[in-house]
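Please open the model in your viewer and keep the selection tool at hand, since each stop on this tour begins with something to select.

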Amino acid sequence: MDEVVRRKVSRVPWRLAVTAAAVTAAATAWSATVRTGDVLPRVYLAVLAVAALPLLARHAPTAFTRVCLLAGMVLLWVSLIGAAFGLGPVVAAALLLLAASVADRDNPPTGCSVALAAALPPVFFLLAFLFAY
């Protein structure tokens with residue numbers, strides 16, 4: 001039988017992801033208390049969940065890279081669209097997650113992962129706006 005090799009995510013990408021989650025928590029807590037826009041509390045919880053998602057992949061470096069890439073792109077689009085509603089500071093977490101996705105030399109993102117991460121958020125938001133109206 002093949003033996004399962006347990007590997008952890010490298011130190012630098014892990015710290016970048018933890019920092020992104022902390023930045024998102026601080027930004028959303030500030031936006032929720034100051035009420036900078038008309039954003040429902042559910043949206044803040046969803047943004048926090050997306051930012052913390054890479055932290056669940058501590059023992060799977062390849063999955064961590066892909067989740068950081070996808071979560072970073074989603075948060076980048078959320079921060080751009082939601083800037084008028086007080087979600088602009090989330091762009092820092094998005095950039096940290098995108099940096100974490102390429103910080104590990106042993107597990108770089110593949111071209112397919114980058115293409116998927118670039119294409120999914122705009123398509124999702126386009127469909128959401130089409131079905132909302």
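Helices, as the word is used on this tour, are DSSP runs of H or I with at least four residues, numbered from the N terminus. The model you are looking at is a predicted one.

**First stop: a helix and one of its threonines**

Select residues 11-34, which make up helix α1, a stretch of 24 residues that reaches 34 Å from its first C-alpha to its last, close to the 34 Å expected at 1.5 Å a residue. Colour the buried positions of α1 next, and you will pick out Pro-13, Trp-14, Ala-17, Ala-20, Ala-21, Thr-24, Ala-27, Thr-28 and Ser-31. An α-helix has 3.6 residues a turn, so residues three or four places apart point the same way. If you now show the surroundings, what covers the buried residues of α1 includes α2 (41-52), α3 (61-81) and α4 (90-102).

Stay on helix α1 and centre the view on Thr-24, which has its place there. Is Thr-24 buried or exposed? Thr-24 is buried, because its relative accessible area is 0%, and buried means under 20%. Leaving aside residues up to four places away in sequence, the residues that Thr-24 touches are Val-47, Leu-48, Ala-51 and Ala-93.

**Second stop: two rings and a charge**

Move along α1 to Trp-14 and add Phe-64 to the selection, for the structure holds one aromatic pair. Trp-14 and Phe-64 form this pair, whose centres are 6.1 Å apart and whose planes make an angle of 40°, an arrangement that counts as tilted. The pair links distant parts of the chain, with Trp-14 in helix α1 and Phe-64 in helix α3, 50 residues apart. Trp-14 counts as buried because its relative accessible area is 19%, and Phe-64 is likewise buried, at 1% relative accessibility. Add Arg-58 as well, and you will find that Arg-58 lies over the face of Trp-14, at 4.3 Å from the ring centre.

**Last stop: the cysteines**

Finally, select Cys-68 and Cys-112 together, and ask how many disulfides the structure holds. The structure holds zero disulfides. The sulfur of Cys-68 has its closest cysteine sulfur in Cys-112, and because 18 Å lies between the two, they are too far apart for a bond; a disulfide needs sulfur atoms within 2.5 Å. The surroundings of each can be looked at in turn: Cys-68 is buried, at 0% relative accessibility, whereas Cys-112 is exposed, at 62% relative accessibility.

Methods
Residues numbered from 1 in each chain as written. Predicted model: local features only at pLDDT ≥ 70, side-chain atom pairs only at ≥ 80, totals over all residues. Heavy atoms only, no water. Buried < 20%, exposed > 50% of the residue type's maximum accessible area, 1.4 Å probe, protein only. Expected span 1.5 Å × (residues − 1). Contact = heavy atoms within 4.5 Å. Phe/Tyr/Trp six-rings, centres within 6.5 Å; stacked < 30°, edge-to-face > 60°. Lys NZ or Arg CZ within 6 Å of the ring centre and 35° of its normal.
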